[in-house]
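Trainee: I have a structure open in front of me and would like to learn how to read it step by step. Could you take me through it, with the general idea before each case?

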Amino acid sequence: MRVGPIIRDVVIVWFLTAIGGFVAGVGTGGPSRDPQRFMLAVMVSNFLLGTVAFTIAGCLAPPLRWRHLGFVAIGAWFASLINVLFFGVSIPQWIGGAIFMAVIMGLGGAISYVFKRNTKPSA
């Protein structure tokens, strides 16, 4: 397993979800204006753009796609610690984010098969 592609795909996941969170914040006026609407917008954007990011990662993945995506999900989850440090996410919320990360990894990984099937049949 090569580290370079994992880091590339973690950056893709982090970048797309960060951009989605920024757009959701601008679109809703931020958390001080309407906190519930803001959180809903961030969750929806993270779900959609996170799934897109894992779809891209799945298409770019080496032959052991699911193993690669698992490492990317773990890396992206750890990278999301920045939300705890700077954006008011609590540790329990961050830990719960592992489930969210697994869901978007599964969806994105499954969707990636529409665009790029396995070229090597499994033994």
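Mentor: Let us begin with one residue and its surroundings, keeping in mind that this is a predicted model. Setting aside residues up to four places away in sequence, V72 touches I6, D9, V10, V13 and F54.

Trainee: Which residues have the most contacts inside the largest nonpolar core, and how many residues does that core have?

Mentor: That core has 17 residues, and those with the most contacts inside it are V13, F54, V72 and M101. The elements that contribute two or more residues to this core are α1, α2, α3 and α5.

Trainee: What pattern does the protein chain follow along the sequence?

Mentor: Reading along the sequence gives α-α-α-α-α, with 5 helices and 0 strands in the protein chain.

Trainee: How should I read the length of a helix, taking α1 as the case?

Mentor: The idea is to set the distance between the end C-alpha atoms beside the span expected from the number of residues. For α1, its 26 residues should span 38 Å at 1.5 Å a residue, and the end C-alpha atoms are 37 Å apart, so the two agree. Helix α2, residues 35–60, also has 26 residues, and its reach of 36 Å from first C-alpha to last is close to the 38 Å expected. Just after α1, G29 takes a positive phi of about 85°.

Trainee: Which residues of α2 are buried, and what do they pack against?

Mentor: A general point helps here: an α-helix has 3.6 residues a turn, so residues three or four places apart point the same way. In α2, the buried residues include F38, V42, S45, N46, G50, F54 and G58, and the buried residues of this helix pack against α1 (3–28), α3 (65–79) and α5 (91–115). In α1, the buried residues include I6, V10, V13, L16, T17, G20 and A24, and what covers the buried residues of α1 includes α2, α3 and α5.

Trainee: Is T55 buried or exposed, and what is it in contact with?

Mentor: Burial is read from the relative accessible area, with buried meaning under 20%. T55, which has its place in helix α2, has a relative accessible area of 9% and is therefore buried. Leaving aside neighbours within four places in sequence, T55 is in contact with G108, I111, S112 and F115. A polar atom of the T55 side chain also lies 2.8 Å from the backbone oxygen of T51.

Trainee: Where is S90 found, and why is S90 called partly exposed?

Mentor: S90 is found in the loop between α4 (81–86) and α5. Partly exposed is the class between under 20% and over 50%, and S90 belongs there because its relative accessible area is 30%. S90 also shows how sequence and space can be read side by side, since S90 and R65 are 25 residues apart in sequence and 31 Å apart in space, C-alpha to C-alpha.

Trainee: What does the radius of gyration say about the protein chain?

Mentor: The idea is to compare the value with that of a compact globule, which for 123 residues would be near 14 Å; the protein chain has 15 Å, so the two agree. Along the principal axes, its C-alpha atoms fill a box of roughly 55 × 25 × 20 Å. Buried residues make up 33% of the 123 residues, and about 7700 Å² is exposed, with carbon and sulfur atoms supplying 74% of that area.

Methods. Residues numbered from 1 in each chain as written. Predicted model: local features only at pLDDT ≥ 70, side-chain atom pairs only at ≥ 80, totals over all residues. Heavy atoms only, no water. Helix = DSSP H or I, 4+ residues; strand = E, 2+ residues; numbered from the N terminus. Buried < 20%, exposed > 50% of the residue type's maximum accessible area, 1.4 Å probe, protein only. Contact = heavy atoms within 4.5 Å. Core = buried A, V, L, I, M, F, W, Y, C linked by side-chain atoms within 4.5 Å. Polar contact = N/O pair within 3.5 Å; in protein donor to acceptor, adjacent residues only side chain to side chain. Rg over C-alpha atoms; globule rule 2.2 N^0.38 Å. Areas by Shrake-Rupley, 256 points an atom, 1.4 Å probe, with all protein chains shown as cover.
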